[in-house]
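The following exercises are to be worked through with the sequence and the three-dimensional structure at hand. Each task is followed by a stepwise solution.

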Amino acid sequence: MEIKVLKNIMERNEDLAAENRRLFAEYKIFVLNMMSSPGAGKTAILEQAIPRLKDRFNMAVIEGDLMTSRDAERISFHEVPVVQINTESSCHLDAGMVNRAVEELELNDLDLIFIENVGNLVCPGTFDLGEHVKIVVLSVTEGDDKPAKYPLMFQESRACILNKIDLLPHTNFDLDRFYKDVSDMNADIEIFQTAAVTGQGIDRWCRWLEELVTAKNGS
Ligand code: MG
Ligand code: ZN
């Protein structure tokens, strides 16, 4: 019985994800879904990336959080449209939530939407939002064992941003083990090292993203 309920939820999600995908294709918008545990630096990375990409693309951000609009307030400082989703009791975004958030945006004006998922290394990886690419952010302070413990996120992601790399000397994070574990579970994943507080490594990630958006939208 419970299995049936779960199956229905996932089928419904697939339908709404397909609807989102259709909308994004119609308006030629590239959509990136950012996942990580809480505090890995998703918002900080966006704060660095948005000013770098602003001349090139019209962007919007969909912010997922259980509570508060603090991340949305940080993003809106950069003068891009931002929609906050408060999931309250849900630990991930689903396609329906994104569908309703997209209604708040002027799609004609957009080339790129960032979706900042709820901070959680588990179930966001299982929900298709209709995005083009998922990426995962991991910070060195979380430990090099996280890819092995939460493989789905790393298997589903086109890129992994290893953030807070400036703190590496203060941790026992083993870069070699991290690269090996991640490449073993996803041979095609691109790995970037960043320090969002200083902007280190952000240019390289932005160039990667720029290429993806341009290839997809032909802009
Ligand atoms: Mg955030
Ligand atoms: Zn969840």
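Helices (H or I, at least four residues) and strands (E, at least two) are DSSP runs, numbered from the N terminus. The model is a predicted one, in which local features need pLDDT of at least 70, side-chain atom pairs count only at pLDDT 80 or more, and totals for chains, interfaces and linings use all residues. Residues are numbered from 1 along each chain as its sequence is written, chains are lettered from A and ligands numbered from 1 in the order in which they are written, and side-chain values use heavy atoms, with hydrogens and water left out.

**Exercise 1. Locate V197 and describe its surroundings.**

Step 1. V197 belongs to the loop between β7 (190–193) and α8 (202–217).

Step 2. Accessibility is classed as buried under 20% relative accessible area, exposed over 50%, and partly exposed in between (1.4 Å probe, protein chains only). V197 has a relative accessibility of 71% and therefore counts as exposed.

Step 3. A contact requires heavy atoms within 4.5 Å. Not counting residues up to four places away in sequence, V197 touches Q48 and D166.

Step 4. K164 is 33 residues from V197 along the chain, and their C-alpha atoms are separated by 7.8 Å.

**Exercise 2. Determine how β6 and β7 are arranged.**

Step 1. Two strands pair if DSSP finds at least two bridges between them. Strand β6 (residues 159–163) is joined to β7 by 4 bridges, and the two run parallel.

Step 2. One of the bridge partners can be named: L162 is matched in β7 by Q193.

Step 3. Together with helix α7 (residues 175–185), β6 and β7 make a right-handed β-α-β unit. A crossover is right-handed if, with the strands pointing away from the viewer, the path from the first strand over the helix to the second runs clockwise.

**Exercise 3. Which residues coordinate the magnesium ion (ligand 1), and where do T43 and D71 lie?**

Step 1. Donors are N, O and S atoms within 2.8 Å of the metal (3.2 Å for Na, K and Ca); water is not among the atoms, so sites may look incomplete.

Step 2. The magnesium ion (ligand 1) is coordinated at 2.0 to 2.1 Å by T43 (OG1), D71 (OD) and E116 (OE). The sequence spacing of these donor residues is T-x27-D-x44-E.

Step 3. T43 is part of helix α2 (residues 42–53) and D71 of helix α3 (residues 70–76), so the pair ties together parts that are 28 residues apart in sequence. T43 and D71 are both buried.

Step 4. Helix α2 is mostly covered, with 9 of its 12 residues buried. Among them are K42, T43, Q48 and L53.

Step 5. The expected span of a helix is 1.5 Å times one less than its number of residues. For the 12 residues of α2 this should be 16 Å, which agrees with the 16 Å between its end C-alpha atoms.

**Exercise 4. Analyse the site of the zinc ion (ligand 2).**

Step 1. C91 (SG), H92 (ND1) and C123 (SG) coordinate the zinc ion (ligand 2) at 2.0 to 2.2 Å. Along the chain, the donors follow the spacing C-H-x30-C.

Step 2. H92 lies in the loop between β3 (82–86) and α4 (95–102), and C123 in the loop between β4 (112–116) and β5 (133–139), so the pair ties together parts that are 31 residues apart in sequence.

Step 3. H92 counts as buried at 13% relative accessibility, and C123 counts as buried at 17%.

Step 4. Leaving aside neighbours within four places in sequence, the contacts of H92 include M97, N117, C123 and F127.

**Exercise 5. How many aromatic pairs does the structure hold, and which residues form a cluster?**

Step 1. Rings of Phe, Tyr and Trp (its six-membered ring) pair if their centres lie within 6.5 Å; planes under 30 degrees apart count as stacked, over 60 as edge-to-face and the rest as tilted. A search of the whole structure gives 3 aromatic pairs.

Step 2. F173 and F178 form a tilted pair, 5.5 Å centre to centre with 50° between the planes. F178 and Y179 form an edge-to-face pair, 5.5 Å centre to centre with 85° between the planes.

Step 3. Ring pairs thus link F173, F178 and Y179 into a cluster.

Step 4. F173 is buried at 8% relative accessibility and F178 is buried at 0%, whereas Y179, at 28%, counts as partly exposed.
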